[in-house]
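Subject: A structure to look at, with notes

Hello,

Please find the structure below, together with its sequence. Could you open it beside this email and follow the notes that come after it?

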Amino acid sequence: QFALMALAAAVSLSFAYWATERVLQADMRGAVEADIAGFASVYGGRGRSGLARDIGRRLAGPAADSAVYALTDQEGRVVAGNLNGWPPTVAAGAGWVALEVFRSDRLDPVPITAVSMVLPGGERFLVGRDATAGNTFRRTLGQSFAIALVAMAVFALLTGGLITRFVRRRLADISATAQSIAGGDMGGRVPVRGSDAFDELAQTLNVMLDRTEGLVTALRTVTDSLAHDLRTPLTRLRNQLAEARAVSTGGDHHILAAEAEVARIQKTLAALLDIARIE
């Protein structure tokens with residue numbers, strides 16, 4: 001059960017991570033597509049030079065930290081943007097790519113998500129976003145989910161251990177009472193410790209045991225009474241058989257057999273009375 005709980009938690013956290021990743025990707029691609037729409041309008045109205053100026057204007061503003069642009073002429077020379085050159089592994093017009101590049105304002109390579117295209121004039125254009133912050137967020141989120149999963153697993157194990165210990169202890173009370181009754185102690189009862197479901201079960205079992213003890217006691221009383229009541233007529237029957245044998249002129253073996261059977265019945269009744277006294 002607790003393994004299923006842990007599995008359900010893992011599936012839930014994995015889904016949350018996947019959903020967060022989808023949102024991050026959608027936001028990044030939405031920002032890039034918005035840039036492309038704006039650049040397309042500029043390029044259509046003012047050509048490559050207007051597009052280069054617009055790129056420079058954007059890189060001088062708030063978007064400079066996250067935006068990645070590279071505009072080259074037909075020969076591949078960088079005309080505008082913040083990359084040292086066109087990424088050699090990216091084919092213009094290949095669509096969305098994820099890679100590491102060297103920005104002109106950074107010393108170390110940075111991960112980006114970008115889209116490349118070939119403009120109507122033959123220029124190559126790459127528009128993207130720096131994925132450093134997103135990757136950091138993903139790592140932090142993944143670590144947080146991992147810690148949460150471990151914490152949930154530990155909590156589930158501790159809770160499971162405590163519940164198992166509690167259940168075993170309560171079942172041990174019921175088992176001990178059952179063994180005591182099986183050994184002949186009809187006065188044994190299941191202890192009631194509180195007001196939970198086990199105590200309700202204990203009370204139900206105790207009511208059943210009270211009823212059973214009453215029935216057994218009544219049965220013993222009836223058995224004892226029958227044994228006492230049968231002693232007198234059996235004694236008279238045995239005496240009458242003895243008198244019949246004394247006056248009989250033949251066929252004594254039938255009377256002797258009857259006397260033996262009566263004697264055995266009397267011994268059985270005597271044993272029942274002895275057992276009743278011992279109990």
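A good place to begin is Phe15, which counts as exposed because its relative accessibility is 52%, where exposed means over 50% relative accessible area, buried means under 20%, and partly exposed lies in between, all with a 1.4 Å probe and protein chains only. Before going further, please keep in mind that this is a predicted model, in which local features need pLDDT of at least 70 and side-chain atom pairs count only at pLDDT 80 or more, while totals for chains, interfaces and linings use all residues. Residues are numbered from 1 along each chain as its sequence is written, and side-chain values use heavy atoms, with hydrogens and water left out.

Aromatic pairs

Phe15 has a neighbour in Trp18, which is partly exposed at 46% relative accessibility. Both belong to helix H1, where they are 3 residues apart and therefore separated by about one helical turn; helices (H or I, at least four residues) and strands (E, at least two) are DSSP runs, numbered from the N terminus. Rings of Phe, Tyr and Trp (its six-membered ring) are said to pair if their centres lie within 6.5 Å, with planes under 30 degrees apart counted as stacked, over 60 as edge-to-face and the rest as tilted. By this rule the count is 3 aromatic pairs. Phe15 and Trp18 make a tilted one, with 5.7 Å from centre to centre and 35 degrees between the planes.

A second pair, Phe39 with Tyr69, is edge-to-face, at 5.2 Å centre to centre and 90 degrees between the planes. This pair links distant parts of the chain, since Phe39 is in helix H1 and Tyr69 is in strand S1, 30 residues apart. Phe39 and Tyr69 are both buried, and together with Phe125 they form one aromatic cluster.

The nonpolar cores

Those three aromatic residues appear again in the largest nonpolar core, which has 16 residues, and where Phe39, Leu51, Ile55, Tyr69, Leu71, Leu119 and Phe125 touch the most other members. Here a nonpolar core is a set of buried Ala, Val, Leu, Ile, Met, Phe, Trp, Tyr and Cys residues joined through side-chain atoms within 4.5 Å. At least two residues of this core come from each of helix H1 (2–59), strand S1 (67–72), strand S4 (110–118) and strand S5 (124–130), and H1 gives the largest share, 7 residues.

Which residues is Ile55 in contact with, once neighbours within four places in sequence are set aside? They are Phe39, Tyr69, Leu71, Ala80, Gly81 and Phe125, contact meaning heavy atoms within 4.5 Å. Apart from this core lies another, of 11 residues, including Val68, Ala70, Val101 and Val110.

Salt bridges

Side chains of opposite charge can pair when their charged atoms come close. A salt bridge is counted where a side-chain nitrogen of Lys or Arg is within 4 Å of a carboxyl oxygen of Asp or Glu, and a search of the whole structure finds 14 of them.

One of these joins Asp199 to Arg170, with the closest N and O atoms 2.7 Å apart. Because Asp199 lies in helix H3 (residues 197–247) and Arg170 in helix H2 (residues 132–182), the pair ties together parts that are 29 residues apart in sequence. Asp199 is buried, at a relative accessible area of 2%, and Arg170 is buried as well, at 4%.

Another salt bridge is formed by Arg106 and Asp130, whose closest N and O atoms are 3.4 Å apart. It too links distant parts of the chain, with Arg106 in the loop between strand S3 (95–101) and S4, and Asp130 in strand S5, 24 residues apart. Arg106 is partly exposed, with a relative accessible area of 31%, whereas Asp130 counts as buried at 10%.

Asp105 and Arg103 also form a salt bridge, in which the closest N and O atoms are 2.9 Å apart. Asp105 is partly exposed, with a relative accessible area of 46%, while Arg103 is buried, at 0%. Finally, Asp35, Asp54, Arg57, Arg58 and Arg129 are linked in a network of salt bridges.

With best wishes
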